[in-house]
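Dear colleague,

I am passing this structure on to you, and since it will be new to you, I have added a short account of what came out of it. Please look through the sequence and the structure before reading on.

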Amino acid sequence: MAEVVLRDLVKTYPGATARATDEVSLEIADGEFMVLLGPSGCGKTTLLRMVAGLEMPDAGQIVIGGKDVTYLEPRRRNLSMVFQSYAVFPNKKVADNIGFGLQVHGVPAGEVRRKVEWAADLLQLTPYLDRYPAKLSGGQRQRVAVARAIVMDADVLLMDEPLSNLDALLRLSFRAELKKLVSELGTTTLYVTHDQVEALSLGDRVAVMRNGEIAQCDAPTAVYDDPASQFVGGFLGSPPMNFLTGTVEQAAEGSRLDLGGQSLTVPAALSAYAGKPLTLGIRPEAIEVADGDGALTGELQVLEPLGSSALLTTDIDGQTVKVQAPPSFRADPAERLSLRIPPEACRWYDPETSLLLEVR
Ligand SMILES: Nc1ncnc2c1ncn2[C@@H]1O[C@H](COP(=O)(O)OP(=O)(O)O)[C@@H](O)[C@H]1O
Ligand SMILES: [Mg+2]
């Protein structure tokens, strides 16, 4: 096992105008499960391929287990990789697929068999060892790809969207299996996904990427509860964080965010914003529909029953705010709803930089 340290990694593809990764630095602790999360094209795969040695950085350094591997060949880095398109050999039985890498490395047949059986047991593939991949489901085939990676006893496991080709139900069950497996193995893991739920569910920490840079790297609850920027708050959550922009007014009782009709208390720590625009960030599930004594009034535009909750789209002085209400919630179209905005759930952003403001 090993820690992975990335220092100021820069990569620009030939002919590209923008950097695919722009001075990315990241430290992944020994045994840690780190998720790289971000929209398509933000540089996740490029970063992973540089760690694997499949892509050379223009500048920066990659250190694995204290050793500089920046320019080392892939096969000398002692890592294994699982790709999005599970490349299993159709003409090899499951057992031979799983043991392939070991055979190539000249591992004795008895040991190959022992390790294949171990991995098959972990991934519930034992009944299928003598079958050909064509006889397996997509989820089973992907498990074969994971089994092949884990038998290698690599220091570092790299996975690039390994669940994205599975249907929704299978992805859900395999996600839980993968989480259990990797925590049992304790292998340092770098896992790429564009799926925020997957990232939050799997990661010890989540590094949220945007335009080749890391926007925030922290524990799942921290990136979700305290998004460092409006980008992170807007990327995580379904529906994402609401943002309401107004102007800070000084009133007798303190600062208030004037939304153009209604207003809301602003923490005293932000009094320097008096006369300036300020943005409130609030999660849909943090807003409560109150009985007439809420801080804001919103006009109901759409009510979507989602089974475990009811999603409300409301209009507050011309700005759209989503509210996650209990499943039993009922209201009429265009009804004016009293919305309570709990102060402790409010996050404040500078609309110019869109960065989180410290208020504590
Ligand atoms: N082989 C390549 N040649 C040229 N441009 C590439 C290549 N691979 C990726 N890119 C570009 O680099 C950027 C980052 O891509 P990538 O790392 O694949 O992002 P992600 O995995 O987050 O979707 C994108 O703008 C993409 O178009
Ligand atoms: Mg990718």
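For the charges discussed first, Lys and Arg count as positive and Asp and Glu as negative, while His and the chain ends are not counted. On that basis the protein chain, which is a predicted model, carries 34 positive and 47 negative charges, and the mean positions of these two groups lie 10 Å apart.

As to overall dimensions, the C-alpha atoms of the protein chain fill a box of roughly 80 × 45 × 35 Å along the principal axes. The accessible surface of the chain is about 16,800 Å², and carbon and sulfur atoms contribute 50% of it, while 48% of the 360 residues are buried. Among the contacts in the chain with a separation of 6 or more, 65% are between residues 24 or more positions apart.

Turning to secondary structure, the protein chain contains eight helices and 21 strands. Six of the strands form an open sheet with antiparallel pairing, in the order E13-E12-E11-E14-E20-E21. At its edges are strand E13 (263-265) and strand E21 (355-356), each of which pairs on one side only. Strands of a sheet pair through backbone hydrogen bonds, in either a parallel or an antiparallel sense.

How many bridges join strand E20 and E21? Strand E20, which spans residues 347-350, pairs with E21 in the antiparallel sense over two bridges, and tyrosine 349 stands opposite leucine 356 in E21.

With best regards

Key: Residues are numbered from 1 along each chain as its sequence is written. Chains are lettered from A and ligands numbered from 1 in the order in which they are written. This is a predicted model: local features need pLDDT of at least 70, side-chain atom pairs count only at pLDDT 80 or more; totals for chains, interfaces and linings use all residues. Side-chain values use heavy atoms; hydrogens and water are left out. Two strands pair if DSSP finds at least two bridges between them. Helices (H or I, at least four residues) and strands (E, at least two) are DSSP runs, numbered from the N terminus. Buried means under 20% relative accessible area, exposed over 50%, partly exposed in between (1.4 Å probe, protein chains only). Contact means heavy atoms within 4.5 Å. Accessible areas come from the Shrake-Rupley method with a 1.4 Å probe; for residues, only the protein chains shown count as cover. The place of a charge is taken as NZ of Lys, CZ of Arg, CG of Asp or CD of Glu.
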